[in-house]
Amino acid sequence: MLSPMDDFPIHQVAQPIRQVATSDRNFYDRYYFNCYPVGGELFLIVGFGQYPNLGVVDGFAVLRRGDDHIVFRASKALGADRSDTTVRPLRIEVLEGLQRLRVVLEAGSAADIAFDLTFDATVPAFEEPRHFRRQLERVTFDTARFVQTGTWTGELTVGDDTMAVSPETWRGNRDRSWGVRPVGEPEPAGRRAVDGVQNFFWIYSVMAFDDYSVFTFVQEDERGRRIVEDATRVWPDREPEWLGRPEHELEFATGTRDVTGAVLKFVPPVGEPITVRCELLLANYIGIGTGYGLDADWRHGMWQGDLVVQGLRKTVSEIDPALRMFCPVDHLARFELLEGGQTHSGTGLFEVGVIGPHDKYGFTGFVDGKS
C-alpha cells in the first residue's frame, strides 16, 4: 500500500516505503532523547518507536526527580504514513535533519509532566558499528544507530512546577536506531527453554565535554567475549578519532546488581590509555513502565488498541530490586577524563545492564547479586 512518503526519492528496496525489507516481526525504528540540567537534579528520557510488521507505534517519557519515577506512555495503531511521528499527545518534529528536533508532550496528558523542547546538536551525528547477534541461528539483534550530543531549549513542567530550559544549562543526547531486536508480545520459548536465555551485558556511555564528545559502548557474552564495541571521540569540526579498545571496571552495591560507580579505559594499540572515572549521579529506571522492561502489560510494540494513553507514578524506593536485575538503567553521570596529564570534566549518560551470567563480575545466573 502506498503512503505519502512514496512521493520522495528515498526507496531502498522494490517495495513501498511502509513495507520494510524484512518480514521479521521484531523490526523497529526508534527515537531516543535525554535531557538534564547541569546541576543534575532531574533526568528526563523520551522515546518513540514504530514497529511496521506489528502495526504498532508507541512512545514514552520517564522523569526521575528525587524519589519520583514518573512515566507517560501511549500506543496506537500504525497507519499508512510512516512520516507521522505522533502518538497523541506526544510528537517528534524533525526541524533540520541531523541537527535540530522538537519534542512535545502536551499538557493534560495522563502523566503529571509536559514539555516543549528543542534539541540542537553540538557535534555531528556519529554512525556506530552495526550491532549483530544470533541465537539458535535466528538473528536476535541486527541494528544500526547514530548518536549525537546537544543542548535543549524550551519549557518543562512537572506537576505545578514549570522550568525554563535554556541551552546554557541544559544538556542531553539523542540517538536514532532501527533494525531487528526483540519487541512486542513475548514469543514462545521453544527450544530456548532448554538452551537458556542469552545474557545481556551492556555498557553504553555518551559523554559531553567542552570541546568534544566521547561515545563508547560494549556488549559481552557471559565469558566476556565481545559482541560489539567502540570508543570514539567526536569533534564539532574535524574527523572522529578512534580511542582504542574500551575496558571497564564496575562497582556494585552488595547483594545486588545495582552499579554504583565505574572506571572506563580506552586502550589504543600504541600510546597511553585514556582513563574515565564515572560518577553516577541519578539513576533513571527506563525498564519500569516504559516498554523497555518485563512489564506484562506494556512492552515496546505490544498491541494495546487503536489509541491508549496512560500515566504511571512510583517512588524509586518502591521499585522491586529483583526487577532491576532484568532492566538496563540510564544514569545521569559526571565524567573525569584523564589524558596526557590533564583532566577534562563532562556530563552525560552512563547506561548499563548486567543481566544473566558474567564471569568477570562473578554472576552465575540471573538473580544472584554481588557478594
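In the predicted model, the side chain of N199 comes to 3.4 Å from the backbone oxygen of E220. N199 itself is placed in the loop that connects α1 (192–195) with β14 (200–208), and, because its relative accessibility is 3%, it counts as buried. Beyond its neighbours within four places in sequence, the contacts of N199 comprise R133, E220, D221, E222, I355, G356 and P357.

A second loop residue, W235, lies between β16 (226–234) and β17 (241–242), and it likewise counts as buried, since its relative accessibility of 13% falls under 20%. When residues up to four places away in sequence are set aside, W235 is in contact with V123, P124, D211, Y212 and E241. The C-alpha atoms of W235 and F217 are separated by 18 Å, with the two residues lying 18 residues apart along the chain.

F217 also belongs to the lining of the largest cavity, together with I203, T216, V218, P246, E247, H248, L264 and F266. Two or more of these lining residues come from each of β15 (213–220), β18 (245–252) and β19 (259–267). The space in this cavity amounts to about 50 Å³, and its lining is made up of six nonpolar, two polar and one charged residues.

Across the whole structure, two cavities of 30 Å³ or more are found, and the second largest has a volume of about 30 Å³. Its lining consists of F33, C35, L44, V46, V103, F115, L117 and W152, with at least two residues supplied by each of β1 (27–37), β2 (42–51) and β8 (113–121). By class, this second lining contains eight nonpolar residues, with no polar and no charged ones.

Key
Residues are numbered from 1 along each chain as its sequence is written. This is a predicted model: local features need pLDDT of at least 70, side-chain atom pairs count only at pLDDT 80 or more; totals for chains, interfaces and linings use all residues. Side-chain values use heavy atoms; hydrogens and water are left out. Helices (H or I, at least four residues) and strands (E, at least two) are DSSP runs, numbered from the N terminus. Buried means under 20% relative accessible area, exposed over 50%, partly exposed in between (1.4 Å probe, protein chains only). A polar contact is a pair of N or O atoms within 3.5 Å; within protein, one must be able to donate a hydrogen and the other to accept it, and residues adjacent in sequence count only if both atoms are side-chain atoms. Contact means heavy atoms within 4.5 Å. On a 1 Å grid over the protein atoms alone, a cavity is a set of points where a 1.4 Å probe fits but cannot get out, and a pocket is an open set with protein on both sides within 12 Å along at least five of seven lines; lining residues have an atom within 4 Å of a point. Grid points are joined across faces, edges and corners, and a volume is the space filled by probe spheres set on the points. Ala, Val, Leu, Ile, Met, Phe, Trp, Tyr, Cys and Pro count as nonpolar, Asp, Glu, Lys and Arg as charged, and the others, Gly among them, as polar.
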